[in-house]
Amino acid sequence: GYPGSPRSAAFEARIPLAKEHDFHVEWSSNERVAAEVAIGVSIAGRRALICTKSVGMNVMLDPLMALNLTPVNGGLVILLGDDPGGYGSQNDQDTRLLSVMLEMPMLEPSSPSEAFEMTREAFSLSERESITVILRITRSFSQQTETVDIPDTIPEKTNLGYEREPLRFVPVPINVVEKHRELHEIQKSLAIWSDESPFNRIEGEGSMGIVAAGFAWSKLLDVIGYAPDVRFRVLKLAVLNPLPERRIVEFLAACDEVLVLEETEPFVEIQLKAIAHEHGCKSRIHGSLSGHVSREGELFRWEIQRVLRKLVPDFTPAREYRQEDEHIERPEKKSYCGECRYDEVLDLLEEVAEGFGERLAIVGDPGCLVTVADRIDAKYAIGSAVAVAAGMRKAGMKQRPIALIGDSGFFHSTIPAICSAVHNGSDILMIVLDNGTTLTSGSQSHPGGSQNAQGSIGASLSIEEISRACGIGYIDSLNLDDEKTVLKDRFKEAYLQSGPAMVILRIPS
């Protein structure tokens, strides 16, 4: 994996177990590399778990869109951490939609114990159907606590071995259509599996139906109570792709109205309406498209309570939830940036710019720069600062854009942008803010550090040497604890360079 909330903790929980149970854990340089390492593990016949957050899934998409056309060997599961509400992300992304494009099965647990059972099932399903399986959790889900019963006997390690078979793992133009056809045959088998899955179930007997997807089911039960309410017929939906169509039709046939609870896009709602139309079900379906629930951010318990009162006027919740208490439901967030010194960096840069009578144009990367977001001009995906700054300058911007890069972001995906900037003679200043770790998500290792995820000594790569090899002619290395006048003079010199230039600024913690 690559560090990122809300799923770093799930990865880190495995690190102390690695030696005891003889398995490998690795913080890769980015999510795509993590996926490709895991694909290699699967090809060789062993099981692999890829840990990623929502925006990391975007980074992985290129190899995944070819992986779906080849069979897996050892079981391959993606633990996907979505972040409704953007508590630790630069967007409010609903990654469930990618599962349909990838044509990969997706499950979402409602509780930690169910997540444990789903993980076991996901690996078994992956090997039965030779397909990658996605297990989706959310940030709020990841902070739930529950006692989980672990079987006394641990299954033997899977090692299916590797036998070379021409074109088995090689999608190319001559076989891609046939491989796509084979993928669609697997979808038929997955549809049967989804309908039979015990993770999906119908409870209650009322004509008012509620479909609760994943963790929304636990939130719903907090509102209506854990004992079945005769007024509500509830479909607990855990297999999100493919949906259990037969069970859904059975459910819709018994309901006059149906409320869909999910986060954030109307992913289930749209498919439910299509299924209802296909099978002639007359249920009125409500959700985010009808304005009954929000299409943005996390779905809170007070929102569920409010919409049920609107649809069922005499509804009395099992417990009262209020909008003004929403902060209680919001997941706690650890701040690793309490001693952040990036304000000092921007103060210095602004003083240098004022000496030239200019206003800074600063492009940043996600990560620690969130603490100074109001002081920068643009911020998109990790690794994007250099290319965005280059584009601004190529468009004729008067002032020389500054790209602020984190050290982990440098190794993640900045190097290709540096190569492009050098090749195209981009007149920008790059400043690498080097604190020696992936600080924002909990100080995990990266290729510039001396230790890997398992605590072993690894090769420490030099940002300066790599940048010189990429063709940057002017590189200066500074320490934020140097004399202020020295720092200002050196920043001034770097700012006055022409073409791509770099300052590596080491920031002691």
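Q: Let's start with the cysteines: how many disulfides does the structure hold?
A: Zero, in this predicted model. The general idea is to look for two cysteine sulfur atoms within 2.5 Å of each other.

Q: Then why is Cys-281 not bonded to Cys-255?
A: Because the gap is too wide for a bond: the closest cysteine sulfur to that of Cys-281 sits in Cys-255, 9.6 Å away.

Q: And is Cys-281 buried or exposed?
A: Buried, since its relative accessibility is 16% and the cut-off for buried is under 20%.

Q: What about Cys-419, which cysteine sulfur is nearest to it?
A: That of Cys-470, at 3.8 Å, and Cys-419 is in no disulfide. As for solvent, Cys-419 has a relative accessible area of 34%, which makes it partly exposed.

Q: OK, on to sheets. How do strands of a sheet pair?
A: Through backbone hydrogen bonds, and the pairing can be parallel or antiparallel. Here, take the open sheet of five strands: reading across it, you get S5-S7-S6-S9-S10, and the pairing is mixed.

Q: Which strands are the edge strands?
A: Look for strands that pair on one side only; in this sheet those are S5 (201-203) and S10 (284-286). Ignoring direction, neighbouring strands are turned by 20° against each other on average.

Q: Can we zoom in on one pair: how do S6 and S9 run, and how many bridges join them?
A: They run parallel, with five bridges between S6 (residues 208-213) and S9 (residues 257-261). If you want a spot to click on, Gly-209 stands opposite Val-258 in S9.

Q: Which strands does helix H9 touch?
A: To read helix packing, list the strands a helix touches, then check its direction. H9 (residues 216-224) packs on the sheet against S5, S6, S7 (232-237) and S9, and its direction makes about 135° with that of S6.

Q: And which strands does H11 touch?
A: H11 (residues 267-279) also packs on this sheet, touching S6, S7, S9 and S10; with the direction of S10 it makes about 175°.

Q: How do I read two helices against each other, say H10 and H11?
A: Check how their axes approach and cross. The axes of H10 (residues 245-253) and H11 come within 10 Å, crossing at roughly 75°. The two helices are therefore roughly perpendicular, as angles of 65 to 115 degrees count that way.

Q: Which residues meet there?
A: From H10, Glu-245, Ile-248, Val-249 and Leu-252; from H11, Leu-272, Ile-275, Ala-276 and His-279. Sorted by class, that contact has six nonpolar residues, one polar and one charged.

Definitions and conventions
Residues numbered from 1 in each chain as written. Predicted model: local features only at pLDDT ≥ 70, side-chain atom pairs only at ≥ 80, totals over all residues. Heavy atoms only, no water. Pairing = 2+ DSSP bridges. Helix = DSSP H or I, 4+ residues; strand = E, 2+ residues; numbered from the N terminus. Axes fitted to C-alpha atoms, helices over the stretch in contact; angles between N-to-C directions. Contact = heavy atoms within 4.5 Å. Parallel < 35°, antiparallel > 145°, perpendicular 65-115°, else oblique. Nonpolar A, V, L, I, M, F, W, Y, C, P; charged D, E, K, R; others polar. Buried < 20%, exposed > 50% of the residue type's maximum accessible area, 1.4 Å probe, protein only.
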